[in-house]
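Me: I should like to understand the terms used to describe this structure. Please set each value against its definition.

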Amino acid sequence: MGSTGTVLRELRGAQKSAKGVSLYSRYVNRPAGRFLAAGAYRAGLTPNQVTLVSALFTYTALAVVALVEPSWTLGLLVYAALAIGFAFDSADGQLARLTGRGGPDGEWLDHVVDCGKLVLVHIAVLISFYRFGELSSDAWLLLPLGFQLAAVVTFCAGLLREKLGKATVAGAPTASPVSRVRAVALLPADYGVFCLVFLLLGAPGAFRAGYAVLAVVHTLFLAAFLTKWFRELRALRPG
């Protein structure tokens, strides 16, 4: 087993492409995941175990959002747990590429955990609104449901685009330059950026406003992504 420095260098060389990745994931989450992957490698953990660690941090934080009255301290703790969970979500894939121990089971488990996260985060906000929000209108309870719809459809449609695209053009070269403008534009849709809104839990009105803004932004991104992916898949039709 090599030194931590050697492992980090190997992980750096086994990174996925930065194409289509926001600046947060590229410069914050992936580097953090790299250090966690190196630590997991030194500890002898498997990629699937790292995925479960990610789920533990994330799901615990979401349970706390639903069950504990909001405060500034709670917001800080929730954000920290979600950010750590997201970094471990990057670490499992990096560890799998480093060790060659990845497989369909690991990819399946990772997607199941991610899907559960996208559903539960908005359920947790809905419960928090209902229990602690002192809402001016019950219409606020519809906001997490709409946000959840946008998030889940984006996630599922993106997976299908990736799988159907690979199946149609397997082996085709896809080299293209990484766009920094696109990396900046994708920041509002990045899960790591979304997690920042929980720092506002101590100010319920500000949290609702920030959450509502992100819901609108994610819905606009969904419309743009669906249009783009549909056109790309349609262009892959044979003949």
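Reply: A residue is called buried under 20% relative accessible area, exposed over 50%, and partly exposed in between, with a 1.4 Å probe and protein chains only. The model is predicted, so local features need pLDDT of at least 70 and side-chain atom pairs count only at pLDDT 80 or more, while totals for chains, interfaces and linings use all residues. Residues are numbered from 1 along each chain as its sequence is written, and side-chain values use heavy atoms, with hydrogens and water left out.

Me: Why is Asp190 called buried?

Reply: Asp190 has a relative accessibility of 7%. The limit for buried is under 20%, and therefore Asp190 counts as buried. Asp190 is placed in the loop between α7 (180–185) and α8.

Me: What is Asp190 in contact with, leaving aside its neighbours within four places in sequence?

Reply: Contact means heavy atoms within 4.5 Å. With those neighbours left aside, Asp190 is in contact with Ser22, Tyr24, Ser25 and Phe86. Asp190 and Tyr24 are 166 residues apart along the chain, and their C-alpha atoms are separated by 7.3 Å.

Me: How many helices and how many strands does the protein chain have?

Reply: Helices (H or I, at least four residues) and strands (E, at least two) are DSSP runs, numbered from the N terminus. By this rule the protein chain has nine helices and zero strands. Of its 239 residues, 41% are buried. Among contacts between residues at least 6 apart in sequence, 83% join residues at least 24 apart.

Me: What makes a set of residues a nonpolar core?

Reply: Such a core is a set of buried Ala, Val, Leu, Ile, Met, Phe, Trp, Tyr and Cys residues joined through side-chain atoms within 4.5 Å. The largest one here has 30 residues, and those with the most contacts inside it are Val78, Leu82, Phe194, Phe198, Phe207 and Tyr211. At least two residues of this core come from each of α3 (47–67), α4 (72–99), α5 (104–132), α6 (142–168), α8 (191–194) and α9 (204–235). The largest share, seven residues, is supplied by α4. Another core, of seven residues, lies apart from it and includes Phe88, Ala91, Leu95 and Leu98.

Me: Which residues is Val78 in contact with, beyond its neighbours within four places in sequence?

Reply: Val78 is in contact with Ala61, Val64, Val65, Phe198 and Leu201.

Me: How do you know whether Leu222 is buried or exposed?

Reply: The relative accessible area of Leu222 is 12%, and therefore Leu222 is buried. Leu222 is found in helix α9. Not counting residues up to four places away in sequence, Leu222 touches Ala150, Val153 and Thr154. Leu222 and Ala150 are 72 residues apart in sequence and 6.4 Å apart in space, C-alpha to C-alpha.

Me: Why are Cys115 and Cys156 not counted as a disulfide?

Reply: A disulfide is a covalent bond between the sulfur atoms of two cysteines. The rule applied here asks for a pair of cysteine sulfur atoms within 2.5 Å. The sulfur of Cys115 is 5.3 Å from the closest cysteine sulfur, in Cys156, and that is too far for a bond. The structure holds zero disulfides. With a relative accessible area of 27%, Cys115 is partly exposed, and Cys156, at 34%, is partly exposed as well.

Me: What makes a space a cavity, and how many of 30 Å³ or more are there?

Reply: On a 1 Å grid over the protein atoms alone, a cavity is a set of points where a 1.4 Å probe fits but cannot get out, and lining residues have an atom within 4 Å of a point. Grid points are joined across faces, edges and corners, and a volume is the space filled by probe spheres set on the points. By this rule there is one cavity of 30 Å³ or more. The largest cavity has a volume of about 70 Å³, and its lining includes Pro70, Ser128 and Phe207. At least two lining residues come from each of α5 and α9.

Me: Why is Ser128 called buried?

Reply: Ser128 has 6% relative accessibility, and therefore Ser128 counts as buried. Ser128 is found in helix α5.

Me: Is Glu134 buried or exposed?

Reply: Glu134 has 76% relative accessibility, and therefore Glu134 counts as exposed. Glu134 is placed in the loop between α5 and α6. Phi of Glu134 is near 50°, a positive value in a residue other than glycine.

Notes. 1 Å grid on protein atoms, 1.4 Å probe; cavity = no way out; pocket = protein on both sides within 12 Å on 5 of 7 lines; lining within 4 Å.
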